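Thanks, everyone, for making the time; I would like to take you through one model this morning, beginning with its overall fold and then turning to its interior and its surface. Please have the sequence and the structure open as I talk.

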Amino acid sequence: MDAKNSSVPTPVGPSTETTSKRDTTNKMSLSPQLKQKPIHYPFWFGGSASSMAACVTHPLDLVKVRLQTRSGSMPTTMSGTFLHILRNNGLTGLYSGLSASLLRQITYSTTRFGIYEELKSQLATRSGVDPVTQKPKPPSLPMLIAMASVSGTIGGIAGNAADVLNVRMQHDASLPEHKRRNYRHAGDGLVRMIREEGVGALFRGVGPNSLRAAAMTASQLASYDIFKRTLIKVAKMEDNLATHFSSSFLAGVVAATVTSPIDVIKTRVMSAHGNQGLGQLLGEIYAKEGMGWMFRGWVPSFLRLGPQTICTFLFLESHRKFYRRVKGLEEEELPAVNKS
């Protein structure tokens, strides 16, 4: 009996092995999706990165405004304007209106970047996962442009008062003494604008400014995402500094070209004295300068917007890399080509 019983093999139930394989398969199928969950970055990252970039590129922005609003015997070239400012206002003159510029980035850029990234995050969550790549499906170009346009419009409204201050403070030193407003800083300018011109002054030029903000955000943020996606997918570049620099440079070219005509109008409206209508202003500009006004100051605009775009996105990517490191998240965010 003992020998007979010992010769019978002990049965092994298949349920344990099958269950183990099933659990392993489920974990393998779920793990990519869990890893691909989009990272939700702080809302203020865009405003912080833009403020840092503004500190670097403010002199270029100042020269651009002076060229767009020049009159009389003012210099007609970028280098001439630089020298004119240095000769008459010193080195600190190149940073005239910096407080208003920073206030503009804190309001305008924080809003447009924050809303745009939030919309992308929501879309990535709802669009599902690509069955082949196991990554969230990237938004199409029309969808990116639509989201960026909405974000830019809201940002333009939020930052309009600061934008009016920024233009006025940069333009002030080029005016005759009796026409200068002499705002000491952004806070002083806001108080005086409301006291002297009423609350409506805070929304002066809000129409063209919002239009410009929509065009800027669509051409800058959406094109950056598209260029980054193309460089990674087509050119087989890594998601690194070289890709960020190349994408932001190309985005700067697109943004400068798209926004140049709107930028000229916005600057003229905000720096004008009195309540001159937009139609009347356009008529006067066309009568004096013809169609060339649309791209007046394009070179200094690009020389300002190009470095500003590059600095903004490099600072933004650095913010995100630091955030992922502190939070212990994966180094390569997903979807890498969209959460730029």
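**Fold, cavity and surface patch**

Reading along the sequence, we find the pattern α-α-α-α-α-α-α-α-α-α-α-α, and I should say at once that this is a predicted model. In other words, the protein has 12 helices and zero strands, and of its 340 residues, 47% count as buried.

Let me move to the interior. How many cavities of 30 Å³ or more are there? The count comes to two, and the largest cavity has a volume of about 210 Å³. That largest cavity is lined by 22 residues, with Asp61, Arg104, Gln105, Arg212 and Arg304 lying nearest its centre. The elements that each give two or more residues to this lining are helix 3 (45-68), helix 5 (98-126), helix 7 (160-171), helix 9 and helix 12 (298-327), and among these helix 3 gives the most, with six residues. If we sort the lining of the largest cavity by class, we have six nonpolar, eight polar and eight charged residues.

Finally, the surface, where Ile157, Ile194, Val199 and Phe203 make a nonpolar patch of about 360 Å². Of these, I would point you to Val199, which lies in the loop between helix 8 (186-197) and helix 9 (206-233). Is Val199 buried or exposed? Val199 counts as exposed, because its relative accessible area is 51%, and the cut-off for that class is over 50%.

Definitions and conventions: Residues are numbered from 1 along each chain as its sequence is written. This is a predicted model: local features need pLDDT of at least 70, side-chain atom pairs count only at pLDDT 80 or more; totals for chains, interfaces and linings use all residues. Side-chain values use heavy atoms; hydrogens and water are left out. Patches are made of residues with over 30% relative accessible area and no salt bridge: like charges are joined within 9 Å, nonpolar side chains (Val, Leu, Ile, Met, Phe, Trp, Tyr) within 5 Å. Accessible areas come from the Shrake-Rupley method with a 1.4 Å probe; for residues, only the protein chains shown count as cover. A salt bridge is a side-chain nitrogen of Lys or Arg within 4 Å of a carboxyl oxygen of Asp or Glu. Helices (H or I, at least four residues) and strands (E, at least two) are DSSP runs, numbered from the N terminus. Buried means under 20% relative accessible area, exposed over 50%, partly exposed in between (1.4 Å probe, protein chains only). On a 1 Å grid over the protein atoms alone, a cavity is a set of points where a 1.4 Å probe fits but cannot get out, and a pocket is an open set with protein on both sides within 12 Å along at least five of seven lines; lining residues have an atom within 4 Å of a point. Grid points are joined across faces, edges and corners, and a volume is the space filled by probe spheres set on the points. Ala, Val, Leu, Ile, Met, Phe, Trp, Tyr, Cys and Pro count as nonpolar, Asp, Glu, Lys and Arg as charged, and the others, Gly among them, as polar.
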